[in-house]
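Work through the exercises below with the sequence and the model open. Try each task before reading its solution.

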Amino acid sequence: MAYLIVLEQGKKKKFEITEEFLFIGRTPENQVRISDPKASRQHCQIIKTDRGYRLIDLGSQYGTIVGKQKVTQKDLADMDIIQIGDVKIQIKDIDASTAPAPAAAPAPVAAPQAAPVTARRGGARRGAAASRQVATRRAEPEPEQEITISEEMAEAARTKTHLRRRNPAKASKIPGWAQAVIAFWVVVMVVVVVFFVIKTSSSPWGAVYKEALDLWETQHDHEAAYTKFESIPFDDPVYGDESREKMKEIIKERDAGNLQYDAMNASRNFANINNMIENYIDAPLDKPKKGIKISRDYADSRSSYVRVLIKNRLNPFLERFPTAPQAEEVRKYKAKYSREVNLDAPPTFRDVEVEGECLLRLNGYGEAYQIMSRWMADHPGEFVDRAQFTFNEIQRKLESDWRPWEKEVTKFETTDRPKIALKHIDRFLRLTEGLDSPEGRTFREALLERKANNEARVEVLSGGGG
């Protein structure tokens with residue numbers, strides 16, 4: 001009877017080949033189980049043929065070597081050595097096991113069927129002569145135990161065909177019903193995402209909606225945000241309903257009386273106060289100052305910023321929100337910084353410059369111009385160049401700010417939505433009120449003309465049932 005001598009980690013084990021097939025691999029369902037990391041779960045198969053025994057590699061990752069050559073199938077000869085990783089397996093007594101059996105010998109065992117098959121490991125010792133050929137270090141044969149192999153392995157052995165190797169990395173321990181549930185929800189999520197992408201891409205108002213959100217949530221310009229939301233058509237499938245909801249929220253805030261003229265509620269206004277103190281009033285002299293301002297020595301301008309803080313931030317807050325939770329802290333700020341300046345004293349030119357800069361940051365083009373103009377009227381001939389620079393800055397910023405809004409106005413004028421165009425025009429007329437420079441008057445005259453044209457257009461559309 002043929003048998004295998006397995007040399008693994010310095011230990012020898014003997015396996016008799018008692019069936020017409022035998023599997024070698026890492027898992028317990030193999031008749032010959034080895035633990036080498038380069039061995040696959042079902043690594044190779046030995047089957048009995050008419051000419052002896054044949055080795056079949058089962059698609060293992062690292063391969064099977066016989067006689068220093070990697071093989072996929074090979075008829076084995078007596079004393080051949082099979083190498084799997086660092087494990088060596090020698091097959092012996094092939095000739096004896098394949099010789100014709102004597103008449104008194106029992107009939108050979110039939111090939112196993114598709115049902116689970118067992119193989120016997122260990123077996124009785126061979127004769128004394130064979131025992132002397134085995135090294136004295138050989139481990140004692142393991143006690144006999146039954147090994148149940150899978151139906152797939154049994155079928156491969158019965159038909160003497162290649163076993164279809166399963167990839168253990170892809171094997172899943174998740175029950176079939178759970179996999180079906182997961183697959184169902186994955187499909188649902190994919191469908192929802194695809195539907196949302198298609199739906200969103202079908203709307204041209206995404207950029208307008210995002211701009212309106214930024215105006216409201218980041219810049220706190222509620223009026224401009226409301227106008228942007230209103231410009232989105234009610235019947236837009238993506239942003240129509242959402243825009244209407246945002247407009248309702250803005251109206252609720254207005255009705256609650258929580259907004260100042262610049263659309264900031266008490267907490268936002270208080271944050272704005274702290275921001276000015278941090279970046280202008282109490283900032284280190286070597287720290288770059290934020291915001292739009294004329295570049296000069298900050299140390300010479302501190303008192304000017306303190307005046308603006310009290311006049312344009314602290315006093316308006318206390319007038320508008322006298323009972324707000326932050327009011328007490330604002331009063332402390334006022335008491336602290338009032339000691340540095342005398343608000344009753346006439347302002348210097350730098351005081352006027354700083355106040356004009358702050359108003360310009362709030363888009364108060366007309367107010368910034370009026371403050372500077374009043375000072376120049378009271379001090380003719382002084383700081384003429386610096387005053388002209390400020391006037392030019394006001395006009396430059398107005399033209400820069402109006403440019404994108406002018407595109408919006410033109411779009412609404414050409415799409416028969418003059419009411420929305422009027423809202424944009426009215427906003428800039430309000431912000432430029434008092435801008436009495438030649439350029440400012442020209443700008444306002446052009447706006448007033450467009451306003452009249454749009455009002456006439458509204459009348460025509462209303463008269464026609466539009």
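Five exercises follow, each with a worked solution.

This is a predicted model, in which local features need pLDDT of at least 70, side-chain atom pairs count only at pLDDT 80 or more, and totals for chains, interfaces and linings use all residues. Residues are numbered from 1 along each chain as its sequence is written, and side-chain values use heavy atoms, with hydrogens and water left out.

**Exercise 1. Confidence**

Find which elements have the lowest and the highest mean pLDDT.

*Solution.* Step one: take the term. pLDDT is the predictor's confidence in each residue, from 0 to 100. Step two: take the overall level. The protein has a mean pLDDT of 78, with 74% of its residues at 70 or more. Step three: go by element. Helix H2 (residues 128-133) has the lowest mean, 41, and strand S10 (residues 81-84) the highest, 95. Helices (H or I, at least four residues) and strands (E, at least two) are DSSP runs, numbered from the N terminus. Step four: check the stretch 165-171. Its pLDDT is below 50, and it has 10 contacts (heavy atoms within 4.5 Å) beyond near neighbours in sequence.

**Exercise 2. Helix H5**

Compare the span of helix H5 with the expected value, and list its buried residues.

*Solution.* Step one: the expected span is 1.5 Å times one less than the number of residues. Step two: for the 13 residues of H5 (residues 206-218), that gives 18 Å. The end C-alpha atoms are 17 Å apart, which agrees. Step three: buried means under 20% relative accessible area, exposed over 50%, partly exposed in between (1.4 Å probe, protein chains only). The buried residues of H5 are Gly206, Val208, Tyr209, Ala212, Leu213, Leu215 and Trp216. Step four: look past the helix. Histidine 220 follows H5 and has a positive phi, near 60°.

**Exercise 3. Aromatic pairs**

Classify the pair formed by tryptophan 216 and phenylalanine 229.

*Solution.* Step one: apply the cut-offs. Rings of Phe, Tyr and Trp (its six-membered ring) pair if their centres lie within 6.5 Å; planes under 30 degrees apart count as stacked, over 60 as edge-to-face and the rest as tilted. The whole structure holds 15 such pairs. Step two: the two ring centres are 6.4 Å apart and the planes stand at 90°, so the pair of tryptophan 216 and phenylalanine 229 is edge-to-face. Step three: place the partners. Tryptophan 216 is in helix H5 and phenylalanine 229 in helix H6 (residues 222-231), 13 residues apart. Step four: check burial. Tryptophan 216 is buried at 6% relative accessibility, and phenylalanine 229 is buried at 0%. Step five: widen the view. Both belong to one aromatic cluster with Tyr209 and Tyr239.

**Exercise 4. Charge over a ring**

Where does lysine 228 lie relative to tryptophan 405?

*Solution.* Step one: a charge sits over a ring if NZ of Lys or CZ of Arg is within 6 Å of the ring centre and within 35 degrees of the ring normal. Step two: lysine 228 lies over the face of tryptophan 405, 4.9 Å from the ring centre.

**Exercise 5. Salt bridges**

Describe the bridge between arginine 386 and glutamate 353.

*Solution.* Step one: a salt bridge is a side-chain nitrogen of Lys or Arg within 4 Å of a carboxyl oxygen of Asp or Glu. The structure holds 19. Step two: here the N to O distance is 2.5 Å. Step three: arginine 386 lies in helix H13 and glutamate 353 in helix H11 (residues 349-361), so the bridge ties together parts 33 residues apart in sequence. Step four: arginine 386 is partly exposed at 23%, whereas glutamate 353 is buried at 1%.
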